[in-house]
Amino acid sequence: MERYIPIIPIRDGIIFPNTDSVLTFGRPKSLAALESSFTQERVVAFVLQKNSRINDPEPTDLYTVGTLCHIERMIKADGEINAQVRGLSRIQVLEYDESTAFLMGRVLEIEETPDDSAEVKALCNHLTNEFRRAMNLGKFVDFLVFMNIMSENTPSQLADLVSSVLDLKPAEKQVLLEELDVKKRLEKVIDYLAKEIKVLELEKKIASKTQERFEKGAREVMLRERLKTIEKELGENDEDSETRELLLKLRDAGMPKDTEEKARKEIKKLSQMNQFNPEAGYIRNYLDWLLALPWSKESKSNIDIAVAEKILNQDHFGLDKVKERIVEYLAVNKLAGKMKGPILCFVGPPGVGKTSLGKSIARALDRKFIKVSLGGIRDEAEIRGHRRTYVGALPGRIIQGIKDAGTRNPVFMLDEIDKVGADFRGDPSSALLEALDPEQNNVFSDHYLEVPFDLSDVMFVTTANVLDTIPPALRDRLEIIQFSGYTQEEKFRITKGFLLKKEMESHGLKDSQVQITDKAIRFVIDHYTREAGVRGLERQVATILRKVAKMVAEGKKGKVVVTEKNVTKFLGPTRLGSTLIEKQDEVGMSTGLAWTEAGGDILFIEVALMPGKGSLILTGQLGDVMKESCQAALSYIRARAQQMGISEKFFQKMDIHVHVPEGAVPKDGPSAGTAITTAIVSALTKIPVNRTVGMTGEVTLRGRVLEIGGIKEKVIAAHRAGLKTVIMPKENKKDLEDVPKEVLKKMKFVFVEHMDEVLNIALTKPLKQKEYQRPVLYAANPQQAD
Ligand code: ADP
């Protein structure tokens, strides 16, 4: 069918039959054509320009095959027309009429011959499938168009519909428009679609690769961003509740005003701080410390002297002087109403009950007990804390202890105060002084806390093994209370009265289940322990009870009785005997008495002579002072050789070797002088030394015997080792007052002023001396001596 209708050129784009499009027109001729047509049949033909850039195309600039369209709607705006048009059919322009204001022409509507062949049907199926695939790969198609394509269509309609949405250049689309053979058209459309699918697949691949790369780099960023958002959401709530919680704690902390102000400031700072700011952690930590300290929490402490005394006696055997002193101390404090005055310092060997007495004091006063060991501290910051600017800074041990105690007035034991040293990191003892000094410790400043803490209600008790190494300034502040080692008898009574009970309780044993006979206890004391205190003994008792508990648990009926005979079954073979006095009197070997941090002990001096040139060989880890004692002893003997009946030539032909066994243990001090001299004289004269005699005392070149220290510990050790006689300087007689009566009763004491007297007692035969003084004998009661 031929028609004479307006023909409107379009720059790009093809309208296929059966499709709807919205087009915008701006060229005057197009506008005129549309308007004129709109008032009549509303039918126009659109044809593609061969060159889109030509503004006013001639007929020769146009393709001859176009589309007959119906104008559905038209909107005019700003000199433009937007028209919704529907493609009706293909047309062939037969002739143009250029006489009118716009292009008119005679066109021929192209009739299509339907093709229902199986091949075409198959092509249609294939096309719809492929189209669906393209959609899945991400091809964008308007939903209505998609529905159109998927609904019932003739093959030609299907081809046109798909063509309209293919991503093709206008010229390519024109080819599809011009193709009148449906089968061929379908094939071409399928071809184009296949290309498009390939491109889509490629794009997808690229996209996923990009995505991967993006994921690697940006994913993290993205996640972090997301995390930030989430945390911000949560964090804000957190922050609020945290601040609230801190403020609640602050309210209950009972801090002094200034401190509270400071804490409040820090809380504010924290609440305004970004959660990710590392400083927030520090501030939180600081606040934790500040708020956890017992600023005003205290034990109600009412010192009842009678009760205190009772409790001290309940927990400990003996130690009468110590207990008395403590009670006095408490009485003074009760009257003064404050813990003022010097700090108690318990000095003595390990295991004599210093710590447990501290605990008893706390119990007697109804206060918390806290113990902090100062052994090996060299850094002032250990006592007073690190400044907050340090990474990992913490308060010092005093404040840590107070926090652990949970009250502001505990009994605070500073252990091993004699082991505090000073070096380049500052002097810990000065910080200690500040903590202990009642005049200034109400504002003790810890570097970490930055605010003062009142320590004035803390009862400090210190302990030490020896006095010498306590820094003098510190020692001035201390009230020394000496603890000495226990005698065998005391150990026995402590075991029977206290240790056994305590250990049985902790092992869950009853009297009906176990009994350790007195003899067995004594046997354990003598043969399994050699110590000033009772720690080792306590361990041995625990070992026995552990084994008994095991037997009971395994179903043993009746009572387990541990006797002297069967105790080895529990503890294994006896261990001791080495330093116990040797069996025989020997030439060149004497017994000295030593005093160490661990209490008193006996010590053997061995001397051997060998051909040589008169040199002195010293072995056994002797300290300088002890070496000098050996030199002095030798000089003294050489000066007196004739009187002692020793050939003077001896010294030219002989080397003298002095050895103190247990070579691994360092030994020092002047007090072995008498023992060294005796051993050398014995070696030179071949007169044996009495094995039951122990001696202590410094010797001068002229043979005078001088006062030494540690008598009490030494005598107890001598007694423990089974010595019968102790020779000591006369000036030390007064020290015997502290020695337990039972020891005094069992031993003989000889007080000497001169070495001659020592030799006279210690050697089994008298020397061929010209003169010597009679020794003064002492037994039992010092008052009756002389
Ligand atoms: P230190 O602190 O002097 O090294 P401890 O206080 O740790 O010694 O004492 C060790 C053990 O010995 C503790 O179980 C303690 O109860 C016990 N102990 C020491 N002396 C006595 C005593 N006189 N009476 C009762 N038990 C004692």
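What follows is a short chat about helix packing and one buried residue in a predicted model.

Me: Where do α9 and α10 sit in the sequence, and at what angle do they cross?
Reply: Helix α9 covers residues 305–315 and helix α10 covers residues 320–336, and their axes, which come within 10 Å, cross at roughly 155°. Angles over 145 degrees count as roughly antiparallel, and α9 and α10 are therefore roughly antiparallel to each other.

Me: Is that crossing left-handed or right-handed?
Reply: The crossing of α9 and α10 is right-handed. On the α9 side the contact is made by I305, A308, E309, L312 and N313, while α10 contributes K323, I326, V327, L330, A331 and K334. Sorted by class, the contact of α9 with α10 has seven nonpolar residues, one polar residue and three charged residues.

Me: OK, now α7 and α8. What's the crossing angle there?
Reply: The axes of helix α7 (residues 257–272) and helix α8 (residues 278–292) cross at roughly 150° and come within 10 Å, and these two helices are therefore roughly antiparallel to each other. The crossing of α7 and α8 is left-handed.

Me: Which residues meet in that one, and how do they divide by class?
Reply: From α7, the residues K262, A263, E266, I267, K269 and L270 meet A280, I283, R284, Y286, L287 and L290 of α8. The contact of α7 with α8 divides into eight nonpolar and four charged residues, with no polar ones.

Me: Switching to α18, how far does it reach from end to end?
Reply: Helix α18 runs over residues 535–553, which is 19 residues, and it reaches 26 Å from its first C-alpha to its last, close to the 27 Å expected at 1.5 Å a residue. After α18 comes G555, which has a positive phi near 105°.

Me: Which of its residues are buried, and what do they pack against?
Reply: The buried residues of α18 are G536, L537, Q540, V541, A542, T543, I544, L545, V548 and A549. Those buried residues of α18 pack against the helices α16 (488–506), α17 (518–528) and α19 (567–571), and also against the strands β14 (514–516) and β15 (560–562).

Me: Last one, Q488. Which helix is it in, and is it buried or exposed?
Reply: Q488 lies in helix α16. Buried means under 20% relative accessible area, so Q488 counts as buried at 14% relative accessibility.

Me: And what does Q488 touch?
Reply: Leaving aside residues up to four places away in sequence, Q488 touches I525, D526 and R720.

How values were computed
Residues numbered from 1 in each chain as written. Predicted model: local features only at pLDDT ≥ 70, side-chain atom pairs only at ≥ 80, totals over all residues. Heavy atoms only, no water. Axes fitted to C-alpha atoms, helices over the stretch in contact; angles between N-to-C directions. Helix = DSSP H or I, 4+ residues; strand = E, 2+ residues; numbered from the N terminus. Parallel < 35°, antiparallel > 145°, perpendicular 65-115°, else oblique. Left-handed = near helix turned anticlockwise from the far one by under 90°. Contact = heavy atoms within 4.5 Å. Nonpolar A, V, L, I, M, F, W, Y, C, P; charged D, E, K, R; others polar. Expected span 1.5 Å × (residues − 1). Buried < 20%, exposed > 50% of the residue type's maximum accessible area, 1.4 Å probe, protein only.
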